[in-house]
Amino acid sequence: MKLDEIRAKIDQLDTQIKPLFLERMACAKHVAEAKAAMGSESVFVLERELAIIEKRGADVDASVYDEYAAFLRHLMSVSRRYQYGILTELQDKVLRDELEKAGLDAQTAHTQVKIAFVCEKAASDLNLFLNMAKLNQIMIDEMKLVTKDGWQEAELVLDGNIAETGMRQFLCQTAKESEGFRIVELR
């Protein structure tokens with residue numbers, strides 16, 4: 001097969017994937033609506049996602065298994081991002097609680113938000129957090145990462161305001177999906 005033929009095949013496959021992706025996002029919306037009606041705060045259930053990846057990847061050739069698992073992890077992360085965007089009451093609660101713990105006032109004039117969180121090194125999804133920042137149109141002005149005793153401690157300075165939709169969505173998702181999340185400072 002020639003390169004242009006292969007590219008045409010990829011274009012055809014991408015066209016077939018699009019309606020499936022849109023249908024999956026519609027299902028994610030229904031899941032978020034059901035969770036909102038139940039008052040559930042659990043959008044992210046790591047054990048369930050790992051089981052899904054294991055089950056769906058069982059028959060995937062080893063030469064592309066890691067890529068397939070990464071694709072599924074990213075797809076599920078994007079789906080969760082969409083759900084957090086719908087769950088505005090959850091965003092409000094998470095941000096109110098985190099600001100209260102930090103002794104910060106959301107009304108304080110600021111253009112940056114400094115956060116910190118930890119991830120287990122062996123199972124780190126730091127790349128997903130960074131990708132979610134990008135999807136929420138948040139620029140990272142500073143980043144510090146220290147690995148200690150099997151844990152990655154991350155500090156990020158985010159460009160933006162806590163009242164912005166993308167910032168609220170990102171902070172909620174990061175708070176719910178990481179360990180030891182905290183808002184350190186509003187600058």
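This is a chat about the contacts that hold side chains together in a predicted model.

Visitor: Hi! Let's start with charges. How many salt bridges does the structure hold?

Guide: Hello! The structure holds 11 salt bridges. One of them joins the side chains of Arg-80 and Glu-177, with N and O 2.6 Å apart.

Visitor: And where do Arg-80 and Glu-177 lie?

Guide: Arg-80 lies in helix α3, residues 62–86, and Glu-177 lies in helix α6, residues 165–177. The pair therefore ties together parts that are 97 residues apart in sequence.

Visitor: Is Arg-80 buried or exposed?

Guide: Arg-80 is buried, and its relative accessible area is 3%. Its partner Glu-177 counts as buried too, at 13%.

Visitor: OK, what about Lys-93? Which residue does its side chain meet in a salt bridge?

Guide: That would be Asp-97, at 2.9 Å from N to O. Both residues lie in helix α4, which covers residues 88–102. They are four residues apart, about one turn of the helix.

Visitor: How exposed are Lys-93 and Asp-97?

Guide: Lys-93 is partly exposed at 32% relative accessibility, and Asp-97 is partly exposed at 31%.

Visitor: And Glu-98? What does Glu-98 form a salt bridge with?

Guide: With Lys-101, and their closest N and O atoms are 3.1 Å apart. This pair also lies in helix α4, with three residues from one partner to the other, about one turn. Glu-98 is buried at 10% relative accessible area, whereas Lys-101 is exposed at 61%.

Visitor: Which residues do shared salt-bridge partners join into one network?

Guide: Glu-41, Lys-93, Asp-97 and Lys-176 are joined that way. You have already met two of them, Lys-93 and Asp-97, as a pair in helix α4.

Visitor: Switching topic: how many disulfides are there?

Guide: The count comes to zero.

Visitor: Why is there no bond for Cys-119?

Guide: Because the closest cysteine sulfur, in Cys-172, is 16 Å from the sulfur of Cys-119, and that is too far for a bond. A disulfide would need the two sulfur atoms within 2.5 Å. Cys-119 is buried at 8% relative accessibility, and Cys-172 is buried at 0%.

Visitor: Now rings! How many aromatic pairs turn up in the whole structure?

Guide: A search finds one aromatic pair. Its rings belong to Phe-117 and Phe-129, with centres 5.0 Å apart and planes at 50 degrees, so the pair is tilted.

Visitor: Which elements do Phe-117 and Phe-129 lie in?

Guide: Phe-117 lies in strand β1, residues 112–120, and Phe-129 in helix α5, residues 126–135. The pair ties together parts that are 12 residues apart in sequence. Both Phe-117 and Phe-129 are buried.

Visitor: What else is Phe-117 in contact with, beyond neighbours within four places in sequence?

Guide: Its contacts include Leu-126, Gln-152, Ala-154, Leu-156, Thr-174 and Phe-181.

Visitor: Last topic, the largest nonpolar core. Which of its residues touch the most other members?

Guide: In this core of 31 residues, they are Ile-115, Phe-117, Leu-158, Phe-170, Leu-171 and Ile-183. Elements giving two or more residues to the core include α3, α4, β1, β3 (151–159) and β4 (179–186). Helix α6 gives the largest share, five residues.

Visitor: Which residues does the second, separate core include?

Guide: This core has five residues, among them Ile-52, Ile-53, Ala-69 and Leu-72. As a general point, in soluble globular proteins nonpolar side chains tend to be buried together.

Definitions and conventions:
Residues are numbered from 1 along each chain as its sequence is written. This is a predicted model: local features need pLDDT of at least 70, side-chain atom pairs count only at pLDDT 80 or more; totals for chains, interfaces and linings use all residues. Side-chain values use heavy atoms; hydrogens and water are left out. A salt bridge is a side-chain nitrogen of Lys or Arg within 4 Å of a carboxyl oxygen of Asp or Glu. Buried means under 20% relative accessible area, exposed over 50%, partly exposed in between (1.4 Å probe, protein chains only). Rings of Phe, Tyr and Trp (its six-membered ring) pair if their centres lie within 6.5 Å; planes under 30 degrees apart count as stacked, over 60 as edge-to-face and the rest as tilted. A nonpolar core is a set of buried Ala, Val, Leu, Ile, Met, Phe, Trp, Tyr and Cys residues joined through side-chain atoms within 4.5 Å. Contact means heavy atoms within 4.5 Å.
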